[in-house]
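Please read the following report alongside the sequence and the model. It takes up the internal cavities, the metal site and the charged side-chain pairs in turn.

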Amino acid sequence: MQPDSHHLVIDDREGGIFRVHRSAMTSEEVLELERERIFARCWLYVGHDSEIAEAGDYRRRDVAGRSIMFVRGKDGAARAFYNTCPHRGAIVCRQDEGNAKTFQCFYHAWTFNSEGRLVGIPGKEAYEGTRFDAAERSLKHVPRLEQYRGFWFLSFNPEVEPLEEYLAGASEYLDIVCDQSLDGRMRIVSGSHRYSSRANWKLLPENSLDGYHGLPTHQTYFEYVTNVGGMGGDESKVKGRTFGGTAKALGNGHAVVETWVPWGRPVARWVPQMGEAVKPEIEAVRERLHELYGPERGERITDYNRNLLIFPNLVVNDILATVVRTFHPLRPDYMEVNAWALAPVEEEGARLQARLHNFLEFLGPGGFATPDDVEALESCQIGYRAGGEEWNDVSRGMRRDVATDSDELQMRTFWREWVARIAGTPTSDWGDHPAAAAATAVD
Ligand code: FES
Ligand SMILES: [Fe+2]
């Protein structure tokens, strides 16, 4: 039997037990509540500033299952419109991307400019002598659209708090990601990965920040890497370092895992596998970043991997490549995923190539990691159908003072926000230790 929405999560901090009822992953009713209380209320990632750099640039996006036009107007402003014709409903923008002065609906050819205004109606005289008002039949704006360092988010909720407030502690990590550009500006590299998974959408934020699954699930990748000569890590440097990362609750359901890595990062950590030719360039960037940001922050930018979750459905993997990944459910057991590669605006040549190679080889839907992850997620979904067990266990590391990236604090943070929204009982307590959670929220 499915518990009511307040009781889909068991959060026993004293006993160190955290469980999620499996109907959260299988029930139509829960998905309906998610549409209404999460996707219609939160800030949702729509696209990156660099994707609509010029006037008339546009991207068609599915945001939580709704077709959206993300457009740079002639006046230079970014806008998000519902992609539906104010005449009789057809979608107006039928291409995924491009540049256009106007958008013409294919059904009866009403035409809209890049600011959404209705500027052309075939046979307009038919409306003469009526109260028909062309201005009022313009494309409708999504109520809120704001950006943080080039990441544009929209909200279907006119009352939503300002984006920066919503991002809470996650903005610091977006800063770290963006500061790997010497210019402080990142861009989406053209092209994207699109795939779907026969699994509940919430399994992906869990998986994207799950250090525990790495070795067992991605065995093939690690074997391959060992066969081609390792990750290029300098073992001597590992000594005295904490290899293995930490997990943090960042407020509002956002979370991060951050790990110092002994192997290379295309941005600014050279290892022999990258080849001698790129060494001077990578080392120069490294030096410059350390100069700009000081040794501590500089090292976080150059030597640490991080996976950041922005509630509910944005993940930024800043690892072997920097990947922006978003996903939405179509059914309780089916989601669509989109992923883009992010790079410093000034990065080109061999460094960019190394980054894109990793985007494809490790993170792509035909790469070494993603198919394993999709398989794991789909296998969980099949497991839920088997029945017998009603609860997932997400208790790992619950009584530890500092959670590691192979604990499950990062998932608990997500689930605490999730259940608070589903049950309509807002929370300000996302960590395992209430005091620590409060400090993070104030930071
Ligand atoms: S539905 Fe678009 S012009 Fe008729
Ligand atoms: Fe994985």
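What is the volume of the second largest cavity? It is about 60 Å³.

## Basis of the report

This is a predicted model, in which local features need pLDDT of at least 70 and side-chain atom pairs count only at pLDDT 80 or more, while totals for chains, interfaces and linings use all residues. Residues are numbered from 1 along each chain as its sequence is written, chains are lettered from A and ligands numbered from 1 in the order in which they are written, and side-chain values use heavy atoms, with hydrogens and water left out.

## Cavities

A cavity is here a set of points, on a 1 Å grid over the protein atoms alone, where a 1.4 Å probe fits but cannot get out, and its lining residues have an atom within 4 Å of a point. Grid points are joined across faces, edges and corners, and the volume is the space filled by probe spheres set on the points. The structure holds 3 cavities of 30 Å³ or more, and the largest has a volume of about 90 Å³. Among the residues lining the largest cavity are Tyr-45, Arg-61, Asp-62, His-328 and Trp-340. Strand 3 (44–48), strand 4 (57–63), strand 18 (322–331) and strand 19 (334–344) each supply at least two residues of this lining, where strands are DSSP runs of E with at least two residues, helices are runs of H or I with at least four, and both are numbered from the N terminus. By class, the lining of the largest cavity has 6 nonpolar, 4 polar and 2 charged residues, with Ala, Val, Leu, Ile, Met, Phe, Trp, Tyr, Cys and Pro counted as nonpolar, Asp, Glu, Lys and Arg as charged, and the others, Gly among them, as polar.

The lining of the second largest cavity includes Tyr-195, Arg-325, Thr-370, Asp-373 and Leu-377. Two or more of its residues come from each of strand 13 (186–197), helix 5 (203–208), strand 19 and helix 11 (370–386), and helix 11 gives the most, with 4 residues. This lining divides into 6 nonpolar, 3 polar and 2 charged residues.

## Iron site

Asp-373, one of the residues lining the second largest cavity, also coordinates the iron ion (ligand 2) through two OD entries, together with His-213 (NE2) and His-218 (NE2), at 2.1 to 2.5 Å. Donors are N, O and S atoms within 2.8 Å of the metal (3.2 Å for Na, K and Ca), and sites may look incomplete because water is not among the atoms. Along the chain, the donors follow the spacing H-x4-H-x154-D. The pair His-218 and Asp-373 links distant parts of the chain, 155 residues apart, with His-218 in the loop between helix 6 (214–217) and helix 7 (219–227) and Asp-373 in helix 11.

The arrangement is irregular because the 4 donor atoms subtend angles of 56 to 143 degrees, whereas four donors count as tetrahedral if all angles lie between 85 and 135 degrees, four count as square planar and six as octahedral if opposite donors are over 155 degrees apart and all others between 65 and 115, and anything else is irregular. Both His-218 and Asp-373 are buried (under 20% relative accessible area, with exposed over 50% and partly exposed in between, for a 1.4 Å probe and protein chains only).

## Salt bridges

A search of the whole structure finds 36 salt bridges, each a side-chain nitrogen of Lys or Arg within 4 Å of a carboxyl oxygen of Asp or Glu. Arg-351 and Glu-347 form one of them, with their closest N and O atoms 3.6 Å apart; Arg-351 counts as buried at 5% relative accessibility, and Glu-347 counts as buried at 1%. In the salt bridge between Glu-36 and Arg-37, the closest N and O atoms are 3.3 Å apart, and Glu-36 counts as partly exposed at 46% relative accessibility.

Technical notes
On a 1 Å grid over the protein atoms alone, a cavity is a set of points where a 1.4 Å probe fits but cannot get out, and a pocket is an open set with protein on both sides within 12 Å along at least five of seven lines; lining residues have an atom within 4 Å of a point.
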